[in-house]
Amino acid sequence: MNNKNPFMVSCEIASLLIEKKLANALTMGEKRQLFIHNLICKACRKYEKQSIMLDTILRKKIGANQDSFKGISIDKSLIEKFKLQIIRVLDNK
Amino acid sequence: MQNAASQVIKEWVEIYTADMISWAFYKTSHKETAEDLVQETFIAAFLSYHTFENKSKPKTWLFSILKNKIVDYHRKCYKDAVVPANKINEEQSTFLLSYLFSPDGNWKKEQQPVDWAGDSEEMLDDPEFNKVLELCLNKLPSGWNAAIQLKYIDEKDPASICQELGVTTTNYWQIIHRAKLQLRTCLETHWFKDKR
């Protein structure tokens, strides 16, 4: 794609616009630029799909709250030691 | 610690510590940090016990304090990493962009995205995938990782994250853009490529 036409943006710019699109943060002009770019660029259409998938994954991974969290088991004896430590700290408060 | 609060908090320490540690560890990938945050949470709970209303469950209350501490932690990581180290981030950006894109800004042929197989739900149930994802998140420059954590931890709008981090929106989108590009590349290399 050439960058001489003002409606044309590079893949680097398009992939940035995709991030903004996922957060509904595009201006009208940017929407048009991305729309045109995606019409002719298969790689960026794929990138957009993957970026949406990454969003879903990160939202679940990072946004998981304590109810949906499946738990990581941590050595029980460490936990017991740590409980005693907290109680000691609290006793000094 | 002499009053009625003390007995209650000690009981909570007994009941909830294991869950809280494991959650904090999951969110920070750092054992000592997880312990510090949980300890701070119990201290904060003790000091503000008078504000606890029995309307909410103790567990919910404790986890909401802990969650705020985790957000503060990522915000601090971001500031520590990005503010004094802008130059390193810039170098990292330049390196990443020139790895993926040719000088005219279009994908290098060998870096063009190809279809990913798999369903995100099933992937997150796969411990192997989780390992790779954690590895890729940890490989991000720490400021980028912190920005990603803040973006997804509670779905705040970009404007308030920018305000929290003290960056312009342009800068924020650049960070998110670079971080997502790097994560995508890392997952492609360490996971999706082998699944084809």
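**Helices and a chain contact in a predicted model**

Let me begin with helix α7 of chain B, which runs over residues 142–153, has 12 residues and reaches 16 Å from its first C-alpha to its last, close to the 16 Å expected at 1.5 Å a residue. Please keep in mind throughout that what we are looking at is a predicted model.

How many of the 12 residues of α7(B) are buried? The helix is mostly covered, with nine of the 12 counted as buried, and these are G143(B), W144(B), N145(B), A146(B), A147(B), I148(B), Q149(B), L150(B) and K151(B). After α7(B) comes E155(B), and the phi of this residue is positive, near 55°.

Let me now turn to chain A and to a pair of helices there. In general, two packed helices are described by the angle between their axes and the distance between the axes. For helix α1 of chain A, residues 11–22, and helix α3 of chain A, residues 42–63, the axes come within 10 Å and cross at roughly 35°, and the crossing in which α1(A) passes α3(A) is right-handed. On the α1(A) side the contact is made by C11(A), A14(A), S15(A), I18(A), E19(A) and L22(A), while α3(A) brings A43(A), C44(A), Y47(A), E48(A), S51(A), I52(A) and D55(A). Sorted by class, this contact has eight nonpolar, two polar and three charged residues.

One residue of that contact deserves a pause, namely C44(A), which is found in helix α3 of chain A. Why is C44(A) classed as buried? It is buried because 28 other C-beta atoms lie within 10 Å, where 20 or more are enough for that class. If we leave aside the neighbours within four places in sequence, C44(A) is in contact with C11(A), A14(A), S15(A), H37(A) and N38(A). Of these partners, let me single out S15(A), which is 29 residues from C44(A) in sequence and yet 6.8 Å from it in space, C-alpha to C-alpha.

Finally, we come to the place where the two chains touch, a contact that takes 49 residues from chain B and 41 residues from chain A. On the side of chain B that touches chain A, the elements that give two or more residues are α1 (4–28), α2 (31–47), α5 (120–125), α7 and α9 (169–190) of chain B, so the helix with which I opened, α7(B), appears here again. The element that gives the most to this side is α1(B), with 13 residues. By class, the residues on this side of chain B divide into 29 nonpolar, 10 polar and 10 charged.

Note on methods: Residues numbered from 1 in each chain as written. Chains lettered and ligands numbered in written order. Predicted model: local features only at pLDDT ≥ 70, side-chain atom pairs only at ≥ 80, totals over all residues. Helix = DSSP H or I, 4+ residues; strand = E, 2+ residues; numbered from the N terminus. Expected span 1.5 Å × (residues − 1). Axes fitted to C-alpha atoms, helices over the stretch in contact; angles between N-to-C directions. Left-handed = near helix turned anticlockwise from the far one by under 90°. Contact = placed C-beta atoms within 7 Å. Nonpolar A, V, L, I, M, F, W, Y, C, P; charged D, E, K, R; others polar.
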